[in-house]
Amino acid sequence: MFSIQSKWRYLFMFLGIQLVVMALLSREGYHKRVTYFIRIFRKTESTVLMARNHTTGAAVGADVYANLSRMSKGHNGGDDMPFCPKTSPYIGGPIHVSFPSGLTLAEVQRKNPTVVRGGRYRPPDCEALHRTAIIIPHRNREHHLKFLLYYLHPFLQRQQLNYGIYVIHQAGNYTFNRAKLMNVGFREAMREEDWDCLFFHDVDLIPEDDRNTYTCDSNPKHAAIAMDKFGYKLPYKMYFGGVSALTPLHYLKMNGFPNNYWGWGGEDDDIGVRVSLGGMYITRPSLKVGRYKMIKHKLDKGNDVNPKRFNMLAKTRQTWKLDGMNTVEYEIVSREYLPLYTNITVNIGTEAGLHVRPPTAPPPKPPAEKPANKTAKGPANPPAKLKEDHKTTQ
Ligand code: BGN
């Protein structure tokens with residue numbers, strides 16, 4: 001049993017300890033220590049949240065237009081312009097991507113005042129180290145194109161590139177041919193400027209991280225390594241679809257892309273095989289950086305699955321030198337230098353050739369004086385006499 005005296009002793013001891021603790025707590029250092037631990041706790045919590053969002057693909061990342069206005073304040077032109085730094089100071093990592101309704105091309109134009117005719121851009125305050133052309137095969141996807149342009153322009157500006165955007169629009173209603181449109185894009189872009197890198201870009205893929213630089217490597221690069229539709233993973237090792245980057249030399253080494261894949265599927269695998277047949281290999285950014293969000297859509301009309309793709313793929317080794325950049329035939333219907341991109345509408349013919357029309361097609365119209373194509377949409381039937389005719393004889 002405790003005596004009254006020892007009770008008081010314990011009470012005094014308890015109060016004493018309380019006083020010491022209070023004195024310690026009131027010291028300045030205590031405050032710092034507590035906030036330090038709180039910060040650690042918060043950090044772990046937010047990292048976990050970030051990681052969670054990364055795997056679910058939920059909205060994280062910065063506004064792609066953030067800080068861009070700072071750039072246009074620099075001095076312009078002049079011979080004394082310094083070279084841009086190796087790593088752009090505007091690169092910030094993850095970008096927030098969403099697809100709000102009501103976005104217009106006029107709004108995209110308003111947000112990109114430094115982009116000039118034909119969708120060209122140069123950094124205003126330094127001489128770019130890289131010249132990159134973006135080639136986008138297209139038909140009836142104006143809605144997707146609008147979103148891609150909204151994100152791609154500021155994305156490329158953040159990377160301080162000298163760039164140009166080319167939309168290669170397939171005229172007519174015949175089955176879509178993605179790879180042949182890329183061949184057209186390559187030749188037409190190179191005709192205009194000595195680009196040192198070409199990005200072959202699907203219209204419905206939006207990059208989600210600006211560390212995924214749109215410059216070329218020493219070997220062909222597959223940039224779209226992690227797409228949301230494949231759970232931000234590579235679907236298979238040899239996958240080369242979505243977005244790829246090649247220098248003109250890479251492109252010619254593999255004889256460009258195949259011209260005879262009409263409809264969906266297989267052409268990207270053929271291109272992947274051509275990379276190794278051309279004596280090169282595929283490089284890729286990391287899974288963290290090569291992230292893309294795909295704009296959801298239904299299957300396109302005029303782009304049915306190509307049933308011949310398995311047979312064709314089995315023969316790439318025999319066909320790659322006989323079909324590609326050295327045999328591509330097409331006719332330019334129109335070339336328009338629009339405010340946000342260069343729109344090239346092209347007749348790429350059909351499986352039967354450039355001038356042989358499918359039996360269901362109506363007879364050709366008389367020559368038109370001016371190309372009818374004033375919008376991004378191609379005419380249902382390209383005029384019989386066209387402005388330019390391209391047949392390679394190499
Ligand atoms: C593959 C397609 C690719 C397509 C990817 C992703 C073929 C060829 C038969 C082996 N390849 O299966 O073209 O990009 O899926 O959708 O169909």
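Let's start with Tyr174, which sits in the loop between β3 and α6 (178-192). This is a predicted model, so take every value here as computed from predicted atoms. Besides that loop, this briefing covers strand β2 and its partners, a residue in β3, and the surroundings of the ligand.

**Tyr174 and its loop**

- Tyr174 counts as partly exposed because 18 other C-beta atoms lie within 10 Å, and a residue needs 20 or more to be called buried.
- Thr350 is 176 residues away from Tyr174 along the chain, yet the C-alpha atoms of the two are separated by 6.6 Å.

**Ile168 in strand β3**

- Strand β3 is also where you'll find Ile168.
- Ile168 is buried, because it has 27 other C-beta atoms within 10 Å, and the cut-off for buried is 20 or more.
- Leaving aside neighbours within four places in sequence, the contacts of Ile168 include Ile135, Ile136, Pro137 and His138.
- Also among the contacts of Ile168 are Leu181, Val184 and Gly185, along with Ile344 and Val346.
- Arg335 is 167 residues from Ile168 along the chain, and their C-alpha atoms are separated by 9.5 Å.

**Strand β2 and its partners**

- Strand β2 covers residues 131-138 and is mostly tucked away, with 7 of its 8 residues buried.
- β2 runs parallel to strand β3 (residues 162-170), and 8 bridges join the two.
- If you want a spot to look at in this pairing, Ile134 stands opposite Ile165 in β3.
- β2 also runs parallel to strand β4 (residues 197-201), this time with 4 bridges joining them.
- In the pairing with β4, Ala133 stands opposite Leu198.
- Helix α5 (residues 142-158) joins in too: together with β2 and β3, α5 makes a right-handed β-α-β unit.

**Around the ligand**

- The residues around the ligand are Pro235, Gly241, Gly265, Gly266, Asp268, Asp269, Arg309, Phe310 and Leu313.
- Two helices, α8 (267-277) and α9 (309-314), each bring at least two residues to this shell.
- The largest share of the shell comes from α9, with 3 residues.
- Sorted by class, the shell is an even mix: 3 nonpolar, 3 polar and 3 charged residues.

Notes. Residues are numbered from 1 along each chain as its sequence is written. This is a predicted model: local features need pLDDT of at least 70, side-chain atom pairs count only at pLDDT 80 or more; totals for chains, interfaces and linings use all residues. A residue is near a molecule or strand if its C-beta atom, placed from the backbone, lies within 6 Å of it. Ala, Val, Leu, Ile, Met, Phe, Trp, Tyr, Cys and Pro count as nonpolar, Asp, Glu, Lys and Arg as charged, and the others, Gly among them, as polar. A residue is buried if 20 or more other C-beta atoms lie within 10 Å of its own, exposed if 12 or fewer, and partly exposed in between; C-beta atoms are placed from the backbone. Two strands pair if DSSP finds at least two bridges between them. A crossover is right-handed if, with the strands pointing away from the viewer, the path from the first strand over the helix to the second runs clockwise. Two residues are in contact if their C-beta atoms, placed from the backbone, lie within 7 Å.
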